Amino acid sequence: MRAAARRLAPWIRRTPLLHLPADALGTPCDVTLKLELLQASGSFKPRGAFNRMLSNPLPAAGVIAASGGNHGAAVAYAARALGVPAEIYVPEITGPAKLARIRAYGATLVQTGASYDEARQASEARAAETGALLVHAYDQEEVLAGQGTLGLELEEQAPALTHILLATGGGGLIGGVAAWYGERAEIVSVEPEACPTLYTALREGRPVPVPVGGLAADSLGARQVGALMFGVARRQIGSALLVPDAAIRAAQQALWERCRLVAEPGGATALAALLCGAFRPPEGARVGVVVCGANTDPGSVA
(Lines give C-alpha, C1' and ligand atoms only; values in the text may rest on other atoms or scores of the structure.)
Protein backbone atom coordinates (compact mmCIF):
# COMPACT_ATOMS: atom_id res chain seq x y z
CA MET A 1 0.00 0.00 0.00
CA ARG A 2 2.90 2.36 0.57
CA ALA A 3 4.05 1.59 -2.97
CA ALA A 4 0.51 2.20 -4.21
CA ALA A 5 0.40 5.55 -2.39
CA ARG A 6 3.61 6.66 -4.10
CA ARG A 7 2.30 5.48 -7.46
CA LEU A 8 -1.01 7.30 -7.02
CA ALA A 9 0.28 10.57 -5.62
CA PRO A 10 0.42 12.45 -8.96
CA TRP A 11 -3.07 11.30 -9.95
CA ILE A 12 -5.41 11.57 -6.95
CA ARG A 13 -6.35 14.11 -4.30
CA ARG A 14 -5.37 13.99 -0.65
CA THR A 15 -8.84 14.58 0.74
CA PRO A 16 -9.39 16.68 3.89
CA LEU A 17 -10.88 15.94 7.29
CA LEU A 18 -13.70 17.72 9.07
CA HIS A 19 -13.53 17.53 12.88
CA LEU A 20 -16.97 18.03 14.45
CA PRO A 21 -18.14 18.23 18.07
CA ALA A 22 -20.98 15.93 19.01
CA ASP A 23 -23.63 18.65 18.82
CA ALA A 24 -22.74 19.56 15.22
CA LEU A 25 -24.50 16.50 13.79
CA GLY A 26 -26.20 15.10 16.89
CA THR A 27 -23.75 12.22 17.25
CA PRO A 28 -23.06 10.55 20.62
CA CYS A 29 -19.41 11.68 20.50
CA ASP A 30 -17.13 14.00 18.59
CA VAL A 31 -16.51 12.71 15.09
CA THR A 32 -13.89 13.10 12.38
CA LEU A 33 -15.25 12.94 8.84
CA LYS A 34 -12.89 11.86 6.06
CA LEU A 35 -14.25 13.79 3.08
CA GLU A 36 -13.49 11.28 0.37
CA LEU A 37 -16.55 12.51 -1.49
CA LEU A 38 -14.20 15.32 -2.62
CA GLN A 39 -11.96 12.81 -4.40
CA ALA A 40 -11.54 13.07 -8.18
CA SER A 41 -14.66 11.71 -9.94
CA GLY A 42 -16.68 12.08 -6.73
CA SER A 43 -15.76 8.94 -4.76
CA PHE A 44 -12.84 6.92 -3.37
CA LYS A 45 -12.81 4.70 -6.45
CA PRO A 46 -9.94 6.36 -8.42
CA ARG A 47 -7.49 5.02 -5.85
CA GLY A 48 -8.10 1.44 -6.93
CA ALA A 49 -8.69 2.22 -10.59
CA PHE A 50 -5.43 4.12 -11.03
CA ASN A 51 -3.43 1.55 -9.06
CA ARG A 52 -4.71 -1.32 -11.21
CA MET A 53 -4.00 0.59 -14.43
CA LEU A 54 -0.59 1.91 -13.39
CA SER A 55 0.51 -1.56 -12.25
CA ASN A 56 -0.12 -3.29 -15.59
CA PRO A 57 0.68 -2.76 -19.29
CA LEU A 58 -2.26 -1.01 -20.91
CA PRO A 59 -3.35 -2.76 -24.14
CA ALA A 60 -4.44 -0.89 -27.26
CA ALA A 61 -8.01 -2.00 -26.50
CA GLY A 62 -7.81 0.01 -23.29
CA VAL A 63 -9.69 -0.89 -20.13
CA ILE A 64 -13.10 -2.27 -19.30
CA ALA A 65 -15.10 -2.27 -16.07
CA ALA A 66 -18.51 -2.98 -14.61
CA SER A 67 -19.96 -0.68 -12.02
CA GLY A 68 -23.03 0.63 -10.28
CA GLY A 69 -21.66 4.02 -11.30
CA ASN A 70 -18.83 5.26 -9.09
CA HIS A 71 -16.23 2.72 -10.14
CA GLY A 72 -17.18 3.26 -13.77
CA ALA A 73 -16.70 7.01 -13.41
CA ALA A 74 -13.33 6.43 -11.74
CA VAL A 75 -12.11 4.05 -14.46
CA ALA A 76 -13.30 6.46 -17.15
CA TYR A 77 -11.54 9.34 -15.39
CA ALA A 78 -8.30 7.37 -14.99
CA ALA A 79 -8.41 6.12 -18.58
CA ARG A 80 -8.79 9.67 -19.89
CA ALA A 81 -5.90 10.83 -17.73
CA LEU A 82 -3.70 7.98 -18.98
CA GLY A 83 -4.76 8.33 -22.62
CA VAL A 84 -6.47 4.97 -23.19
CA PRO A 85 -10.04 4.08 -24.21
CA ALA A 86 -12.51 2.84 -21.60
CA GLU A 87 -15.69 0.81 -21.90
CA ILE A 88 -18.00 0.85 -18.88
CA TYR A 89 -20.89 -1.54 -18.22
CA VAL A 90 -23.57 -0.42 -15.75
CA PRO A 91 -26.94 -1.90 -14.71
CA GLU A 92 -30.30 -0.34 -15.42
CA ILE A 93 -30.58 1.00 -11.83
CA THR A 94 -27.62 3.38 -12.26
CA GLY A 95 -28.83 6.93 -11.71
CA PRO A 96 -28.66 9.78 -14.22
CA ALA A 97 -25.96 11.70 -12.29
CA LYS A 98 -23.58 8.74 -12.49
CA LEU A 99 -24.37 8.03 -16.14
CA ALA A 100 -23.67 11.67 -17.00
CA ARG A 101 -20.36 11.60 -15.16
CA ILE A 102 -19.15 8.48 -16.98
CA ARG A 103 -20.10 9.97 -20.34
CA ALA A 104 -18.41 13.27 -19.46
CA TYR A 105 -15.07 11.45 -19.09
CA GLY A 106 -15.34 10.13 -22.64
CA ALA A 107 -15.95 6.43 -21.97
CA THR A 108 -18.14 4.15 -24.04
CA LEU A 109 -21.13 3.44 -21.81
CA VAL A 110 -23.18 0.24 -22.00
CA GLN A 111 -26.24 -0.02 -19.76
CA THR A 112 -27.34 -3.63 -19.40
CA GLY A 113 -28.86 -5.97 -16.83
CA ALA A 114 -30.97 -5.42 -13.76
CA SER A 115 -28.07 -5.57 -11.31
CA TYR A 116 -24.35 -4.92 -10.98
CA ASP A 117 -23.70 -8.65 -11.16
CA GLU A 118 -25.33 -8.91 -14.59
CA ALA A 119 -23.35 -5.91 -15.85
CA ARG A 120 -20.16 -7.52 -14.48
CA GLN A 121 -20.76 -10.73 -16.39
CA ALA A 122 -21.31 -8.79 -19.62
CA SER A 123 -18.11 -6.78 -19.06
CA GLU A 124 -16.04 -9.89 -18.45
CA ALA A 125 -17.31 -11.49 -21.66
CA ARG A 126 -16.47 -8.30 -23.56
CA ALA A 127 -12.96 -8.12 -22.04
CA ALA A 128 -12.28 -11.70 -23.16
CA GLU A 129 -13.38 -10.67 -26.66
CA THR A 130 -11.32 -7.49 -27.00
CA GLY A 131 -8.25 -8.05 -24.84
CA ALA A 132 -8.96 -4.94 -22.78
CA LEU A 133 -7.58 -4.80 -19.23
CA LEU A 134 -10.35 -5.68 -16.80
CA VAL A 135 -10.52 -3.34 -13.81
CA HIS A 136 -12.68 -5.06 -11.22
CA ALA A 137 -14.69 -2.89 -8.84
CA TYR A 138 -13.25 -4.55 -5.73
CA ASP A 139 -11.83 -8.08 -6.11
CA GLN A 140 -8.30 -7.52 -7.48
CA GLU A 141 -5.14 -7.09 -5.43
CA GLU A 142 -4.17 -3.81 -7.09
CA VAL A 143 -7.67 -2.41 -6.54
CA LEU A 144 -7.71 -3.47 -2.89
CA ALA A 145 -4.26 -1.96 -2.29
CA GLY A 146 -5.28 1.25 -4.01
CA GLN A 147 -8.39 1.63 -1.88
CA GLY A 148 -6.30 0.86 1.18
CA THR A 149 -4.29 4.03 0.61
CA LEU A 150 -7.26 5.87 2.08
CA GLY A 151 -6.46 4.18 5.38
CA LEU A 152 -2.80 5.12 5.13
CA GLU A 153 -3.76 8.73 4.45
CA LEU A 154 -6.35 8.85 7.24
CA GLU A 155 -3.92 7.47 9.82
CA GLU A 156 -1.37 10.12 8.85
CA GLN A 157 -4.02 12.84 9.21
CA ALA A 158 -5.70 11.57 12.41
CA PRO A 159 -3.45 9.04 14.15
CA ALA A 160 -5.48 8.97 17.38
CA LEU A 161 -8.66 7.45 15.92
CA THR A 162 -9.80 4.27 17.69
CA HIS A 163 -12.85 3.37 15.54
CA ILE A 164 -13.40 3.90 11.81
CA LEU A 165 -16.80 3.44 10.17
CA LEU A 166 -17.00 2.63 6.46
CA ALA A 167 -19.82 1.72 4.11
CA THR A 168 -19.46 -1.73 2.53
CA GLY A 169 -20.57 -2.90 -0.92
CA GLY A 170 -18.27 -5.41 -2.60
CA GLY A 171 -15.72 -4.70 0.11
CA GLY A 172 -12.75 -3.18 -1.71
CA LEU A 173 -12.59 -0.06 0.42
CA ILE A 174 -13.15 -1.62 3.82
CA GLY A 175 -10.92 -4.59 2.96
CA GLY A 176 -8.05 -2.31 1.96
CA VAL A 177 -8.48 0.00 4.95
CA ALA A 178 -8.75 -2.91 7.41
CA ALA A 179 -5.62 -4.50 5.92
CA TRP A 180 -3.77 -1.22 6.41
CA TYR A 181 -4.82 -0.64 10.02
CA GLY A 182 -4.51 -4.17 11.33
CA GLU A 183 -5.05 -3.97 15.09
CA ARG A 184 -4.35 -0.22 15.39
CA ALA A 185 -8.04 0.74 15.13
CA GLU A 186 -11.37 -1.05 15.12
CA ILE A 187 -12.87 -1.12 11.63
CA VAL A 188 -16.67 -1.10 11.53
CA SER A 189 -18.63 -2.15 8.44
CA VAL A 190 -21.97 -0.46 7.77
CA GLU A 191 -24.39 -1.75 5.13
CA PRO A 192 -27.99 -0.98 4.21
CA GLU A 193 -30.49 -3.54 5.46
CA ALA A 194 -31.39 -4.12 1.81
CA CYS A 195 -27.75 -4.94 0.85
CA PRO A 196 -26.47 -7.17 3.69
CA THR A 197 -23.57 -8.62 1.70
CA LEU A 198 -20.71 -8.70 4.23
CA TYR A 199 -23.07 -9.13 7.18
CA THR A 200 -24.40 -12.31 5.57
CA ALA A 201 -20.95 -13.57 4.53
CA LEU A 202 -19.64 -13.24 8.08
CA ARG A 203 -22.70 -15.02 9.46
CA GLU A 204 -22.37 -17.86 6.91
CA GLY A 205 -18.58 -18.09 7.15
CA ARG A 206 -18.05 -17.51 3.42
CA PRO A 207 -19.05 -15.09 0.66
CA VAL A 208 -22.55 -15.95 -0.53
CA PRO A 209 -24.91 -14.19 -2.97
CA VAL A 210 -27.70 -12.13 -1.41
CA PRO A 211 -30.64 -10.16 -2.86
CA VAL A 212 -29.86 -6.43 -3.06
CA GLY A 213 -32.05 -3.37 -3.31
CA GLY A 214 -32.97 -0.15 -1.58
CA LEU A 215 -31.74 3.41 -1.59
CA ALA A 216 -28.00 2.73 -1.97
CA ALA A 217 -28.10 -0.26 -4.32
CA ASP A 218 -26.35 1.59 -7.14
CA SER A 219 -23.18 1.98 -5.05
CA LEU A 220 -23.44 -0.74 -2.36
CA GLY A 221 -25.38 -3.36 -4.30
CA ALA A 222 -22.79 -6.07 -4.93
CA ARG A 223 -24.52 -9.45 -4.56
CA GLN A 224 -21.44 -11.04 -2.99
CA VAL A 225 -18.33 -9.67 -1.30
CA GLY A 226 -14.94 -10.27 -2.87
CA ALA A 227 -12.91 -13.31 -1.90
CA LEU A 228 -9.80 -11.19 -1.29
CA MET A 229 -11.47 -8.81 1.15
CA PHE A 230 -13.30 -11.61 2.97
CA GLY A 231 -10.04 -13.07 4.24
CA VAL A 232 -9.21 -9.67 5.68
CA ALA A 233 -12.73 -9.17 7.06
CA ARG A 234 -12.73 -12.39 9.07
CA ARG A 235 -9.54 -11.35 10.84
CA GLN A 236 -9.71 -7.60 11.11
CA ILE A 237 -13.20 -6.11 10.89
CA GLY A 238 -14.55 -5.50 14.36
CA SER A 239 -18.27 -5.53 13.60
CA ALA A 240 -20.72 -5.51 10.69
CA LEU A 241 -23.83 -3.38 11.15
CA LEU A 242 -27.02 -2.85 9.15
CA VAL A 243 -28.99 0.39 8.86
CA PRO A 244 -32.41 1.10 7.33
CA ASP A 245 -32.90 3.32 4.29
CA ALA A 246 -34.62 5.93 6.48
CA ALA A 247 -31.42 6.33 8.53
CA ILE A 248 -29.35 6.70 5.37
CA ARG A 249 -31.65 9.43 4.07
CA ALA A 250 -31.49 11.18 7.45
CA ALA A 251 -27.68 11.07 7.35
CA GLN A 252 -27.69 12.59 3.85
CA GLN A 253 -29.92 15.39 5.08
CA ALA A 254 -27.79 15.98 8.19
CA LEU A 255 -24.65 16.30 6.08
CA TRP A 256 -26.40 18.82 3.86
CA GLU A 257 -28.20 20.83 6.53
CA ARG A 258 -25.34 20.96 9.05
CA CYS A 259 -22.25 20.84 6.81
CA ARG A 260 -23.48 21.74 3.33
CA LEU A 261 -22.07 18.46 2.00
CA VAL A 262 -23.96 16.62 -0.76
CA ALA A 263 -23.41 12.88 -0.20
CA GLU A 264 -25.04 10.11 -2.20
CA PRO A 265 -26.87 7.43 -0.18
CA GLY A 266 -23.87 5.08 -0.17
CA GLY A 267 -21.63 7.96 0.87
CA ALA A 268 -23.81 8.70 3.91
CA THR A 269 -24.34 5.09 4.99
CA ALA A 270 -21.44 4.89 7.46
CA LEU A 271 -22.56 8.07 9.23
CA ALA A 272 -26.10 6.68 9.42
CA ALA A 273 -24.91 4.02 11.86
CA LEU A 274 -23.66 6.68 14.28
CA LEU A 275 -26.75 8.88 13.96
CA CYS A 276 -29.37 6.13 14.32
CA GLY A 277 -27.65 4.28 17.18
CA ALA A 278 -26.67 1.14 15.26
CA PHE A 279 -23.11 1.94 16.35
CA ARG A 280 -22.66 2.90 20.00
CA PRO A 281 -19.14 4.16 20.61
CA PRO A 282 -17.54 3.01 23.85
CA GLU A 283 -16.50 5.65 26.36
CA GLY A 284 -13.38 7.47 25.22
CA ALA A 285 -13.71 6.36 21.60
CA ARG A 286 -12.27 8.64 18.95
CA VAL A 287 -14.44 7.95 15.93
CA GLY A 288 -13.72 8.51 12.26
CA VAL A 289 -16.35 8.18 9.52
CA VAL A 290 -15.53 7.93 5.82
CA VAL A 291 -17.97 9.92 3.68
CA CYS A 292 -17.11 8.09 0.50
CA GLY A 293 -19.23 9.37 -2.40
CA ALA A 294 -21.07 12.40 -3.78
CA ASN A 295 -22.42 11.27 -7.16
CA THR A 296 -26.07 12.13 -6.85
CA ASP A 297 -28.52 14.80 -7.91
CA PRO A 298 -27.96 17.66 -5.42
CA GLY A 299 -31.69 18.29 -5.36
CA SER A 300 -32.29 14.83 -3.89
CA VAL A 301 -30.82 15.80 -0.50
CA ALA A 302 -31.92 19.42 -0.11
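This is a guided tour of selected helices, strands and loop residues in a predicted model, arranged as a series of selections to make in the viewer.

**Helix α4**

Begin by selecting residues 70-82, which form helix α4. The 13 residues of α4 should span 18 Å at 1.5 Å a residue, and the C-alpha atoms at its ends are 18 Å apart, which agrees with that expectation. Colour the helix by accessibility and look for N70, H71, G72, A73, A74, V75, A76, A78 and A79, which are buried. If you then show the surroundings of these buried residues, the elements that cover them include helix α3, strand β3 (63-66), strand β4 (86-90), helix α5 (96-104) and helix α10 (217-220). Just after the end of α4, select G83, whose phi is positive at about 75°.

**α4 against α3**

Keep α4 on screen and add residues 46-54, which make up helix α3. Two packed helices are described by the angle between their axes and the distance between the axes. For α3 and α4 the angle is about 45° and the axes are 8 Å apart, which makes α3 oblique to α4. The crossing of this pair is right-handed. To see the contact itself, show side chains for P46, A49, F50, M53 and L54 on the α3 side, which meet A74, V75, Y77, A78, A79, A81 and L82 on the α4 side. Sorted by class, the residues of this contact comprise 12 nonpolar, no polar and no charged.

**α4 against α5**

Now hide α3 and bring in α5, which packs against α4 at an angle of about 15°, with the two axes 8 Å apart. That angle makes α4 roughly parallel to α5. Here the crossing is left-handed. The residues to select are N70, G72, A73, A76 and R80 in α4, together with K98, R101, I102 and A104 in α5. By class, this contact of α4 with α5 divides into four nonpolar, two polar and three charged residues.

**α9 against α11**

Move next to helix α9 (residues 197-204) and helix α11 (residues 227-236), whose axes come within 11 Å and cross at roughly 65°. The two helices α9 and α11 are therefore roughly perpendicular to each other, and their crossing is right-handed. On the α9 side the contact is made by L198, A201 and L202, and on the α11 side by M229, F230, A233 and R234. Six nonpolar residues, no polar ones and one charged residue make up the contact of α9 with α11.

**S189 in strand β8**

Leave L198 displayed and select S189, which lies in strand β8 (residues 186-192). Is S189 buried or exposed? With a relative accessible area of 0%, S189 is buried. Leaving aside residues up to four places away in sequence, S189 touches L166, T168, I174, L198, I237, S239, A240 and L241, so it is worth displaying these side chains together with the strand when inspecting how S189 is buried, at 0%.

**L20 in strand β1**

Turn now to strand β1 (residues 17-20), where L20 is found. L20 has a relative accessibility of 12% and counts as buried, since the cut-off for that class is under 20%. Apart from residues up to four places away in sequence, the contacts of L20 are L25, D30, V31, L33 and C259. A distance label from L20 to A273, drawn C-alpha to C-alpha, should read 16 Å, for a pair that is 253 residues apart in sequence.

**Two loop residues with positive phi**

Most residues other than glycine have a negative phi, and the last two stops concern residues that depart from this pattern. Select S41 in the loop between β2 (31-35) and α3; it is not a glycine, yet its phi is positive at about 75°. S41 is buried, its relative accessible area being 4%. Finally, select R260 in the loop between α12 (245-259) and α13 (265-276), where phi is again positive in a residue other than glycine, with a value near 55°. What is the relative accessible area of R260? The value is 53%, and R260 is exposed.

Technical notes
Residues are numbered from 1 along each chain as its sequence is written. This is a predicted model: local features need pLDDT of at least 70, side-chain atom pairs count only at pLDDT 80 or more; totals for chains, interfaces and linings use all residues. Side-chain values use heavy atoms; hydrogens and water are left out. Axes are lines fitted to C-alpha atoms, for helices over the stretch in contact, and angles run from 0 to 180 degrees between N-to-C directions. Helices (H or I, at least four residues) and strands (E, at least two) are DSSP runs, numbered from the N terminus. Angles under 35 degrees count as roughly parallel, over 145 as roughly antiparallel, 65 to 115 as roughly perpendicular and the rest as oblique. A crossing is left-handed if the near helix is turned anticlockwise from the far one by less than a right angle, and right-handed if clockwise. Contact means heavy atoms within 4.5 Å. Ala, Val, Leu, Ile, Met, Phe, Trp, Tyr, Cys and Pro count as nonpolar, Asp, Glu, Lys and Arg as charged, and the others, Gly among them, as polar. Buried means under 20% relative accessible area, exposed over 50%, partly exposed in between (1.4 Å probe, protein chains only). The expected span of a helix is 1.5 Å times one less than its number of residues.
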